[in-house]
Amino acid sequence: SDTAIARRNDGTWVLFVKGQPSNSGVAGGTFEELCTRGVYRTTSTDLISWATPERVVSMSSVPEAAVGADGNVWLYWQDFSNACAAGDPHEASRAPISGAYEQADYSLSDTIQVSFPDEEYATNTALHFPTNGNPVQLPNASARAAFEACMGN
């Protein structure tokens, strides 16, 4: 479940999906299950036949993909790694969004943390960090101004 799709510069489609190994042996809906989740990647040239999925991020969920202005495919995900390392289900409910882009060899770049420091959930621990943030890169200052006007900022 939870899928994201993008198209690479070479025309290949890349699909990211949340999943967990079928042999994980953990009960669904538990903190342990959350920590066995990961984001898998598969590719297709025709949207019909797909390569065998490969796990690209562990302890993660809710993937989203976008293509940057430079043509790189960016993958974003809800990152449970700190919560899983700490064994803290409460921290999992506030798991941040992380991201990385596909490099020339399709390996993922170093991970970045996505932050929105002026948003209330960044400081109020009673609020959940938003998932499915669907980050977008606006092409220019005019597009940003139009977006901000639309959003009332």
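Does R41 count as buried or exposed, and at what relative accessibility? In this predicted model, R41 counts as buried, at 7% relative accessibility, and the strand in which R41 lies, β3, offers a convenient point from which to describe the surrounding sheet, the nonpolar core and the charged pairs.

The sheet is open and is formed by four strands in the order β1-β2-β3-β4, with antiparallel pairing. Its edges are β1 (3-7) and β4 (54-58), each of which pairs on one side only, and the twist from one strand to the next averages 25 degrees. In general, strands of a sheet pair through backbone hydrogen bonds, in either a parallel or an antiparallel manner.

Strand β3 (residues 38-44) runs antiparallel to strand β2 (residues 13-19), to which it is joined by seven bridges. Within this pairing, G38 in β3 is the bridge partner of G19, and R41 in β3 stands opposite F16. With β4, strand β3 pairs in the antiparallel sense over four bridges, and here V39 stands opposite V57 in β4. Six of the seven residues of β3 are buried, and the strand is therefore largely enclosed by the rest of the structure.

Among the residues of strand β3 is V39, which is buried with a relative accessible area of 0%. Because burial is assigned to residues under 20% relative accessible area, V39 falls within that class at 0%. When residues up to four places away in sequence are not counted, V39 touches F16 and V17, a group comprising E54, R55, V56 and V57, and further S60, S61, P63, L75 and W77. As for W77, 38 residues separate it from V39 along the chain, yet the C-alpha atoms of these two residues are separated by 7.9 Å.

V39 also belongs to the largest nonpolar core, which has 11 residues, namely A4, A6, V14, F16, V39, V57, A65, V73, L75, W77 and A100. The elements giving two or more residues to this core are β1, β2 and β6 (73-79), and β6 supplies the largest share, three residues. A second, separate core of eight residues includes F80, A83, A92 and A95. In soluble globular proteins, nonpolar side chains tend to be buried together.

Charged contacts were examined next, and a search of the whole structure finds five salt bridges. Side chains of opposite charge can pair when their charged atoms come close. One of these salt bridges is formed by R41 with E54, whose closest N and O atoms are 2.9 Å apart. Because R41 lies in strand β3 and E54 in strand β4, the pair ties together parts that are 13 residues apart in sequence. Whereas R41 counts as buried at 7% relative accessibility, E54 counts as partly exposed at 40%. Salt bridges that share partners join R41 and E54 with R8 and E102 into one network.

A further salt bridge is formed by K18 with D2, the closest N and O atoms lying 3.2 Å apart. This pair links distant parts of the chain, with K18 in strand β2 and D2 in the segment before β1, 16 residues apart. The two partners fall into separate accessibility classes, because K18, at 17% relative accessibility, counts as buried, while D2, at 31%, counts as partly exposed. In the salt bridge of R37 with E33, the closest N and O atoms are 3.1 Å apart, and both R37 and E33 are buried.

The count of disulfides comes to one, and this disulfide joins C35 to C84 with an S to S distance of 2.0 Å. The link of C35 and C84 is left-handed, with -100 degrees about the S-S bond. It connects distant parts of the chain, since C35 lies in helix α1 (residues 31-36) and C84 in helix α2 (residues 81-86), 49 residues apart. Both cysteines, C35 and C84, are buried. A disulfide is a covalent bond between the sulfur atoms of two cysteines.

Technical notes: Residues numbered from 1 in each chain as written. Predicted model: local features only at pLDDT ≥ 70, side-chain atom pairs only at ≥ 80, totals over all residues. Heavy atoms only, no water. Pairing = 2+ DSSP bridges. Axes fitted to C-alpha atoms, helices over the stretch in contact; angles between N-to-C directions. Buried < 20%, exposed > 50% of the residue type's maximum accessible area, 1.4 Å probe, protein only. Contact = heavy atoms within 4.5 Å. Core = buried A, V, L, I, M, F, W, Y, C linked by side-chain atoms within 4.5 Å. Salt bridge = Lys/Arg side-chain N within 4 Å of Asp/Glu carboxyl O. Disulfide = S-S within 2.5 Å.
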